[in-house]
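Student: Let's go through this model by question and answer. Please keep it brisk.

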Amino acid sequence: MNKARSPVVGIIMGSQSDWPVMREAAKILEDMGVAFEAKIVSAHRTPQRLVEYATTAKDRGLKVIIAGAGGAAHLPGMAASMTPLPVLGVPVQSKALKGLDSLLSIVQMPKGVPVGTLAIGEAGAANAGILAASIIALQDDAVAAKLDAFRTAQTESVKEVPEE
Ligand code: RP5
């Protein structure tokens with residue numbers, strides 16, 4: 001975790017059990033040189049912590065929030081209701097319904113309170129990290145350069161012909 005600079009991205013998750021998925025977002029932000037923080041903030045178990053987090057996030061200097069949760073996944077939507085910052089929602093795969101519950105809980109926001117919803121699980125978490133870095137890159141040339149390098153390397157890694 002980049003602790004030297006003030007965090008500009010906040011990663012929040014509903015439970016410790018979400019961290020193996022949400023750390024994919026953290027890894028990307030580390031690679032892109034984006035300062036971030038990661039915290040457990042549960043919409044249901046620690047509602048006051050959520051209110052405090054979301055209502056102070058902008059004044060603390062955050063620019064983007066990535067929120068991951070599973071099951072009745074209210075965390076991203078509730079966070080979005082209390083901050084003007086862009087909120088990226090990551091549906092964490094649940095045991096009972098394989099994350100479809102998480103996805104629908106996060107994506108079906110009422111008009112006027114958007115959550116940018118990503119794919120279920122690790123791919124969604126990694127893509128949330130990339131999207132957050134893209135937003136930060138709009139005003140940070142060093143992050144923009146790392147993002148460009150990442151995309152170039154990814155493109156160059158794809159072979160044209162499949163191997164046996
Ligand atoms: C949600 O409930 C969390 O985001 C997590 O995905 C799910 C299960 O939480 P635990 O029972 O593992 O703490 O609030």
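Student: Between which two elements is the loop that holds Lys98?
Tutor: First, the ground rules. This is a predicted model, where local features need pLDDT of at least 70, side-chain atom pairs count only at pLDDT 80 or more, and totals for chains, interfaces and linings use all residues. Residues are numbered from 1 along each chain as its sequence is written. Helices (H or I, at least four residues) and strands (E, at least two) are DSSP runs, numbered from the N terminus; on that basis the Lys98 loop lies between β4 (87-92) and α4 (100-107).

Student: Is Lys98 buried or exposed?
Tutor: Count C-beta atoms, placed from the backbone, within 10 Å of the residue's own: 20 or more others is buried, 12 or fewer exposed, in between partly exposed. Lys98 is not a glycine, yet has a positive phi of about 60°. Its count is 12 C-beta neighbours inside 10 Å, so Lys98 is exposed.

Student: Which residues does UniProt list for "binding site", and why do they gather at one spot?
Tutor: The record is an unreviewed entry, and such annotations may be inferred rather than shown by experiment, with feature names shortened and positions in the numbering used here. It lists Ser15, Asp18 and Arg45. They span 31 residues in sequence, yet they gather at one spot because no two of their C-alpha atoms are more than 14.3 Å apart.

Student: Asp18 or Arg45: which is buried and which is exposed?
Tutor: Arg45 sits in the loop between β2 and α2 and is exposed, with 11 other C-beta atoms within 10 Å. Asp18 sits in the loop between β1 and α1. Asp18 has 25 C-beta neighbours inside 10 Å, so the buried one is Asp18.

Student: Which residues does Asp18 contact, leaving aside neighbours within four places in sequence?
Tutor: Contact means that two C-beta atoms, placed from the backbone, lie within 7 Å. By that test the partners of Asp18 are Met13, Gly68, Ala69, Gly70 and Val92.

Student: How many residues around the ligand are polar?
Tutor: A residue is near the ligand if its C-beta atom, placed from the backbone, lies within 6 Å of it. The residues around it are Gly14, Ser15, Ser17, Asp18, Ser42, His44, Ala69, Gly70, Gly71 and Val92. Ala, Val, Leu, Ile, Met, Phe, Trp, Tyr, Cys and Pro count as nonpolar, Asp, Glu, Lys and Arg as charged, and the others, Gly among them, as polar. The split is two nonpolar, one charged and, for polar, seven.

Student: Why are the buried residues of α2 on the same side?
Tutor: Helix α2 (residues 47-56) has Leu50, Tyr53 and Ala54 as its buried residues. They lie on the same side because the arc they cover, taken from the directions from the helix axis to the C-beta atoms, is only 90°.

Student: Which exposed residues does the other face carry?
Tutor: Cover for the buried residues of α2 includes β1 (9-13), β2 (36-40) and α3 (75-81). The face turned away from that buried side carries Gln48, Thr55 and Thr56.

Student: Which helix gives the most to the largest nonpolar core?
Tutor: A nonpolar core is a set of buried Ala, Val, Leu, Ile, Met, Phe, Trp, Tyr and Cys residues joined through C-beta atoms within 7 Å. The largest has 48 residues, and Val9, Ala25, Leu29, Val34, Ile66, Ala79 and Ala132 touch the most other members. The top contributor, with seven residues, is helix α1 (residues 19-32).
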